[in-house]
Amino acid sequence: MAFKSFILLLISLLVLTTKVSSYDEVLNIVPILRPIPSTPIKAPTTPSPPPVKAPPPSPPPVKPPTPPPSPPPTTPSSPAQPPVAPAPIVKSDKDCIPLCGYRCQLHSRKQICVRACVTCCDRCKCVPPGTYGNRDKCGKCYTDMLTHGNRPKCP
């Protein structure tokens with residue numbers, strides 16, 4: 001048993017001295033340096049771009065003569081905007097579901113929109129026409145209803 005431990009000690013000593021001697025050889029290596037040239041190296045030159053000329057000033061635009069103002073139309077038969085149909089009045093909760101389904105069909109969160117719309121329709125008895133906007137057609141009840149976060153509730 002003592003012989004085996006002696007052999008192991010001898011092997012580890014041999015390995016240790018080999019590593020130390022190889023480390024000394026690495027330290028004795030002198031790096032090879034290239035001599036520095038005596039003439040300075042010039043940076044490559046690029047031709048400078050030609051100077052940019054400013055465009056000639058353009059003459060000011062000529063305005064056409066303005067026509068004389070025309071008198072306002074006196075006929076009430078030609079209104080400026082076509083009349084908008086009023087929002088349909090809802091009689092029961094069952095009327096709200098198809099109207100809110102149409103109103104919220106393009107919404108990114110359709111189920112949430114329909115749920116809020118049905119609540120507003122039930123309370124105000126009205127759903128605005130179209131898929132967006134026209135909230136003022138249902139009156140103050142629809143436009144003034146707010147969520148708990150003070151945001152407009154009705155779509």
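**Entry 1: Cys-104 and Cys-113**

I began with the pair Cys-104 and Cys-113, which are joined by a disulfide with an S to S distance of 2.1 Å. The model is a predicted one, and I read every value below as computed from it. I looked up the torsion about the S-S bond and found -70°, which makes the link of Cys-104 and Cys-113 left-handed. I then asked whether Cys-104 is buried or exposed. Cys-104 has 0% relative accessibility and therefore counts as buried, and Cys-113, at 5%, counts as buried because it also falls under the 20% cut-off.

**Entry 2: Cys-120 and Cys-154**

Next I turned to Cys-120 and Cys-154, whose sulfur atoms lie 1.9 Å apart in a disulfide. The torsion about their S-S bond is about -95°, so I noted this disulfide as left-handed. Which parts of the chain does the pair link? I located Cys-120 in helix H3 and Cys-154 in the segment after H4, so that distant parts of the chain, 34 residues apart, are linked. I found both Cys-120 and Cys-154 to be buried.

**Entry 3: Cys-126 and Cys-138**

I looked up a further disulfide, formed by Cys-126 and Cys-138, with the sulfur atoms 2.0 Å apart. Its -75° about the S-S bond makes the link left-handed. Cys-126 and Cys-138 are each in the loop between H3 and H4, 12 residues apart. Cys-126 counts as buried because its relative accessibility is 7%, and Cys-138 counts as buried because its value is 11%.

**Entry 4: the count and the pairing**

How many disulfides does the count come to? I noted 6 disulfides, and when the bonded cysteines are numbered in sequence order I read the pairing as 1-7, 2-5, 3-4, 6-12, 8-11 and 9-10.

**Entry 5: helix H3**

I checked the length of H3 next. With 15 residues at 1.5 Å a residue, H3 should span 21 Å, and its end C-alpha atoms are 21 Å apart, so the expected span and the model agree. I listed the buried residues of H3 as Cys-113, Val-114, Ala-116, Cys-117, Cys-120, Cys-121 and Cys-124, and I found that their cover includes H2 and helix H4, residues 140-144. Just after H3, I noted that Lys-125 takes a positive phi of about 60°.

**Entry 6: the nonpolar core**

Which residues touch the most other members of the largest nonpolar core? This core has 16 residues, and I found Cys-117, Cys-121 and Tyr-142 to be the ones with that role. The elements giving two or more residues to this core are helix H2 (93-103) and helix H3 (110-124), and H3 gives the most, with 6 residues. I followed Cys-117 further and, leaving aside its neighbours within four places in sequence, found Cys-117 in contact with Cys-100, Cys-104, Val-127, Tyr-142 and Pro-155.

**Entry 7: the protein as a whole**

Last, I stepped back to the whole chain, whose secondary structure comes to 4 helices and 0 strands, running α-α-α-α from the N terminus on. I noted that 13% of the 155 residues count as buried. The accessible surface comes to about 14,300 Å², and 66% of it belongs to carbon and sulfur atoms. Among contacts with a separation of 6 or more, residues 24 or more positions apart account for 51%.

Technical notes. Residues numbered from 1 in each chain as written. Predicted model: local features only at pLDDT ≥ 70, side-chain atom pairs only at ≥ 80, totals over all residues. Heavy atoms only, no water. Buried < 20%, exposed > 50% of the residue type's maximum accessible area, 1.4 Å probe, protein only. Contact = heavy atoms within 4.5 Å. Areas by Shrake-Rupley, 256 points an atom, 1.4 Å probe, with all protein chains shown as cover. Core = buried A, V, L, I, M, F, W, Y, C linked by side-chain atoms within 4.5 Å. Expected span 1.5 Å × (residues − 1). Disulfide = S-S within 2.5 Å.
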